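Visitor: Hello! I work at the bench, and I would like a close look at a single part of this protein, along with the setting it belongs to. Could you walk me through it slowly?

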Amino acid sequence: MSAEKNVHVAAFAFPFGSHPTPLLHLVQRLAAAASPAVRFSYFNTAGSNRKLFPAANLLPGHDNIKAYDVEDGVPEGHVFSGNPLEPIGLFIGATPQNFKKRLEEVVEETGSKATCLLTDAFLWFAAEMAEEIGIPWVAFWTAGPTPISLHLNTDVILAKLGQNDDKQNQDQTLDFIPGMSAVHVADLPQEILHLDTPFSRLLYSMSLALPRAAAVVLNSFDGIVDAAVENDLKSKLRKILNVGPSPHPPLNEEERGGGDCLSWLSNHPAAAVAYISFGTMLTPPPPELSALAEVLEEKKIPYLWSFRDNSKRHLLEGFFERTSSVGKVVEWAPQVEVLAHSSVGVFVTHCGWNSVVESITGGMPMICRPFFGDQMINRRLVEDVWRIGVGVEGGSFSASGLAKAFDVVMFGEKGKEIRGNIGKLRECANIAIEENGTSTQNFKSLVGLVTSYDQD
Ligand SMILES: O=c1ccn([C@@H]2O[C@H](COP(=O)(O)OP(=O)(O)O[C@H]3O[C@H](CO)[C@@H](O)[C@H](O)[C@H]3O)[C@@H](O)[C@H]2O)c(=O)[nH]1
């Protein structure tokens, strides 16, 4: 058993999209389970830390967690082009020096050497850094098991399909990889097929580094994917720990966003409302927004819309005004609670992994409009494998395609079947987080792993 006062877990965040939040939630959960003497340092860019840590880089109620800012790589006076990959490219350019330098400063300031690196899996350089220091690296993969397995099989995929090859057959399935016979070439993240951007090279480096991690942690649960996928992961990684569905810490007022969302929902009959959210990173293009608005209005479907991008809100201003008696638009919704609310009947989603897991735990059927990364794979699993939602005809929103999707999920017989299927998956999730469930046991192993090394 270690002298816990010497235990110092350094967590490194990838500061984009929803990535920093689940890592911080994991750190909070670990800090609550570990001895109060264990020190947790959370390294992230200043911009991202300001959103997560309300007061001087501390979290109320978590005295053993402290945030530290690392450089974001943005040159002074830099004017952004609007390309969402630009800040990511600049940040990648600043790594790993930014984390290395700040960690050294913190060790110097506190006199407490790092005893474990717990990082977003994207931060591939942690493999080498942890080995140099002589401590374990624990990687947190914020998406699901299927995409990580595909990343780990990048070389196999490229050998079979060719890189940057225009002749790739989009309908071909990946049946040459264990457990992937339902996945099509069209579902693959572009970064697997095209290794020519800083971000795709980061993901490739990650796929080479992850087998060196002491463990890879996922917000997922046993039984959600084919055993062949789990076995392939086990054969490639030293340890894989599904610890989900992760509990959410209580929300503060700001996180609660729309404030009266839940009481507004409670004024509606069961399963009557459509909840709409496309996560933290994207807004559909204007014609698709209009198609969605048209169908909601035409079908008189009450809606709760988490519309985050204020610069695009004017596109739907007329619609929001005309429908204000049946719809509610907010900049941020308490999504976990919304998806568990009995008045919500469908979730219109981009299929980000956190949204999919929250939809399963809320028992909520989905209408899927994926855009990038792992989202197309998640849509494939939701619609074709788990059968807990539907995609939209043609892959993007059109009024006719959406009308059919709403009819199927909210008003049709198939909607009942979908609800039955989601109930079974939810049951699996509930079993995993019982006292003796696999996710609970995996979390206990994780606590042991991150706190079992001391500095001496
Ligand atoms: O009004 C809102 C809107 C979102 N959320 C939360 O924000 C998170 C969104 O996460 P996710 O569904 O994973 O979407 P993104 O923010 O788009 O996540 C990025 O990161 C994920 C994890 O790696 C990937 O699966 C996605 O494709 C990628 O876009 C979820 O926990 C939601 O509950 C709210 O609480 N309220």
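Between which two elements is the loop that holds P245?

Guide: Happy to! The loop with P245 runs between β8 (240-242) and α11 (261-266); helices here are DSSP runs of H or I with at least four residues, strands are runs of E with at least two, and both are numbered from the N terminus. Before going further, please keep in mind that this is a predicted model, in which local features need pLDDT of at least 70 and side-chain atom pairs pLDDT 80 or more, while totals for chains, interfaces and linings use all residues. Residue numbers start from 1 along each chain as its sequence is written, and side-chain values use heavy atoms, leaving out hydrogens and water.

Back to our proline. P245 counts as buried because its relative accessibility is 9%, where buried means under 20% relative accessible area, exposed over 50%, and partly exposed in between (1.4 Å probe, protein chains only). P245 also has a partner from far along the sequence: A432 is 187 residues away along the chain, yet the two C-alpha atoms are separated by 8.2 Å.

Now step back to the whole chain. The chain is built with 19 helices and 14 strands, and 55% of its 456 residues count as buried. Along the principal axes, its C-alpha atoms fill a box of roughly 65 × 55 × 50 Å.

The ligand is worth a visit too. Domain 1 (3-247 + 434-451) and domain 2 (253-431) both contribute to the shell around the ligand, so the ligand lies between them; these bounds come from an automatic or database domain assignment. In total, 21 residues surround the ligand, and T280, S306, S355, E358 and D374 are the closest; a residue joins this shell if one of its heavy atoms lies within 4 Å of the ligand. Both β9 (273-277) and α15 (353-362) supply at least two of the shell residues, and α15, with four residues, gives the largest share.

Three side chains deserve a look at the atom level. An N or O atom in the side chain of T142 sits 2.7 Å from an oxygen atom of the ligand. For H350, a side-chain N or O atom is 2.9 Å from a ligand oxygen atom, and a polar side-chain atom of S18 is 2.9 Å from an oxygen atom of the ligand. On its own, the ligand has 700 Å² of accessible area, and the protein covers 92% of that, as computed by the Shrake-Rupley method with a 1.4 Å probe.

Key: Polar contact = N/O pair within 3.5 Å; in protein donor to acceptor, adjacent residues only side chain to side chain.
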